[in-house]
Amino acid sequence: MPSLSRVAAFALASLASAGAALADPPAPPMPAKPKQVVIISFDSARDISQWKRSRALAQRTGAHFTYFLSCVFLLSPETRKEYTAPGKTAGKSNIGFAASKQEVAERLEQIGLAAHEGHDIAGHACGHFDGKDWSKADWLKEFASFEHILENAYAINGIAPEPAGWRDFARHAVVGFRAPYLSASKALYEALPAAGYQFDASGVSQGPAQPPTVGGITRFSLPQIPEGPNSRPVIAMDYNLYVRHSGGFERPSKADEFAGRTYQAFRAAFDAQYQGKRIPLELGFHFTLMNDGAYWKALERFAGEVCVKSDVECISFRDYVSRQAAGQKQASVGG
């Protein structure tokens with residue numbers, strides 16, 4: 001007969017095997033989080049130095065930006081009458097024109113370089129007029145002016161040589177739009193698909209929001225984000241921060257304070273999504289250096305920290321729309 005000790009050992013081993021068989025199966029791996037998308041854009045895109053500065057920032061961080069171009073900056077004082085806004089006489093603009101033919105040539109060069117580097121060139125209309133009361137026909141006229149001036153910018157201004165492929169780029173690359181003053185309307189949204197656009201970035205939302213696609217147009221919205229000592233919401237755009245901080249008047253002595261507040265607001269808005277649902281975060285800027293460049297300093301600090309993260313993508317509006325159109329999910333990390 002087997003000894004009692006051997007029987008006991010066998011029994012214990014059997015119980016251990018049964019326990020292992022009855023134990024809970026290992027938990028499935030946590031689902032991968034999508035990469036955090038950040039979309040940074042610039043309105044009007046005028047100053048040559050700011051074109052260069054933004055492109056250098058992109059090269060340092062791996063970011064791709066959207067430049068919302070105002071086409072009057074492709075016309076010199078001599079060629080300004082090529083543009084006629086709805087309801088206006090020829091050569092009128094709310095934001096002026098390029099200072100010279102040489103400036104137009106330099107801007108065209110920057111546009112070409114930015115496009116070659118993978119950035120998104122989009123439309124900001126031409127003369128920066130408020131189109132809230134424009135009809136669909138008015139918007140289509142403005143879009144046609146933009147397209148004509150961009151495509152023919154070299155010829156209109158007598159600048160040679162025109163780069164190979166420029167006209168093809170001008171006809172096909174611009175697929176997005178942001179209305180001056182963010183002044184969207186029913187007529188605008190009727191005109192956009194008729195003019196061949198794919199996205200609009202004229203909206204404002206209470207916070208970061210997934211962009212819906214309505215009538216063939218993906219509609220992006222600048223979010224309101226908490227800012228300042230009282231965390232009051234402000235549209236995540238440099239001009240709105242400028243008005244918040246200094247009433248729209250220059251206060252260079254407080255530039256460092258304003259830059260710090262702006263950075264903190266951007267970083268808090270980013271962290272909320274990065275640690276949460278990872279809804280795309282949109283931030284808007286101009287080439288104007290308001291409050292002694294406070295908002296650009298905040299942008300460069302912010303982008304230098306977040307765009308380089310392996311689970312963050314700083315991409316353009318066009319790239320985001322292209323990915324969705326291709327049926328691709330946001331790139332994921334983990335697994």
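Start with the aromatic rings: the whole structure holds 28 aromatic pairs. One of them is W134 with W139, whose ring centres are 4.8 Å apart and whose planes meet at 65°, so the pair is edge-to-face. Keep in mind during the tour that this is a predicted model.

**Stop 1: the two tryptophans**

Select W134 and W139. Are they buried or exposed? W134 is buried, at a relative accessible area of 12%. W139 is buried too, at 0%.

**Stop 2: F270 and F302**

Now select F270 and F302. Their ring centres lie 5.9 Å apart with the planes at 85°, so this pair is edge-to-face. Colour by secondary structure next. F270 belongs to helix α9, residues 255-274, and F302 to helix α10, residues 294-306, so the pair ties together parts 32 residues apart in sequence. Check the accessibility of each. F270 has a relative accessible area of 0% and is buried. F302 is also buried, again with 0%.

Widen the selection. Which residues do ring pairs link into a cluster with F270 and F302? Add F42, W51, F65, Y67, F266, Y274, F285, F287 and W296. Show the rings as sticks and follow the links from one to the next.

**Stop 3: charges over rings**

Select R219 and Y189. The charged end of R219 sits over the Y189 ring, 3.7 Å from the ring centre. Then move to R301 and Y263. Here the charged end of R301 sits over the ring of Y263, with 3.6 Å to the centre.

**Stop 4: the disulfides**

Select the cysteine sulfurs. A disulfide is a covalent bond between the sulfur atoms of two cysteines. How many disulfides does a search of the whole structure find? It finds two.

Take C71 and C126 to begin. A disulfide joins them, with an S to S distance of 1.9 Å. The angle about the S-S bond is 105°, and the link of C71 and C126 is right-handed. The pair connects distant parts of the chain, 55 residues apart. C71 sits in the loop between β3 and α3 (101-116). C126 sits in the loop between β4 (120-123) and α4 (136-151). C71 is buried, at 0% relative accessible area. C126 is buried as well, at 0%.

Now go to C307 and C314. Their disulfide has an S to S distance of 2.0 Å. Which hand does this disulfide have? The torsion about the S-S bond is about -90°, so the disulfide is left-handed. C307 counts as buried at 7% relative accessibility. C314 is buried with a relative accessible area of 5%.

Label the bonded cysteines in sequence order. The pairing then reads 1-2, 3-4.

**Stop 5: T66 on strand β3**

Select T66. This residue lies in strand β3, residues 66-69. T66 is buried, with a relative accessible area of 0%. What does the side chain of T66 reach? The answer is the backbone nitrogen of F317, at 3.0 Å.

Expand to the contacts of T66. Leaving out residues up to four places away in sequence, T66 touches I40, S41, F42, D120, A122, S316, F317 and R318. F42 is one you have met, as a member of the ring cluster.

**Stop 6: helix α11**

Follow F317 into its helix. Helix α11 spans residues 317-325, and F317, Y320, V321 and R323 are buried in it. Those four cover an arc of only 160° around the axis, which puts them on the same side of α11. The helical repeat is useful here. An α-helix has 3.6 residues a turn, so residues three or four places apart point the same way. Look down the axis to view the arrangement.

Step off the end of the helix. Just after α11, G327 takes a positive phi of about 75°.

**Last stop: the whole chain**

Zoom out and switch to cartoon. The protein chain has 11 helices and 12 strands. Colour by accessibility next: buried residues make up 49% of its 335 residues. Finish with a contact map. Take the contacts between residues at least 6 apart in sequence: 71% of them join residues at least 24 apart. The C71 to C126 disulfide is a covalent example of a link between distant parts of the chain.

Methods:
Residues are numbered from 1 along each chain as its sequence is written. This is a predicted model: local features need pLDDT of at least 70, side-chain atom pairs count only at pLDDT 80 or more; totals for chains, interfaces and linings use all residues. Side-chain values use heavy atoms; hydrogens and water are left out. Helices (H or I, at least four residues) and strands (E, at least two) are DSSP runs, numbered from the N terminus. Buried means under 20% relative accessible area, exposed over 50%, partly exposed in between (1.4 Å probe, protein chains only). A polar contact is a pair of N or O atoms within 3.5 Å; within protein, one must be able to donate a hydrogen and the other to accept it, and residues adjacent in sequence count only if both atoms are side-chain atoms. Contact means heavy atoms within 4.5 Å. A disulfide is a pair of cysteine sulfur atoms within 2.5 Å. The arc is that of the directions from the helix axis to the C-beta atoms. Rings of Phe, Tyr and Trp (its six-membered ring) pair if their centres lie within 6.5 Å; planes under 30 degrees apart count as stacked, over 60 as edge-to-face and the rest as tilted. A charge sits over a ring if NZ of Lys or CZ of Arg is within 6 Å of the ring centre and within 35 degrees of the ring normal.
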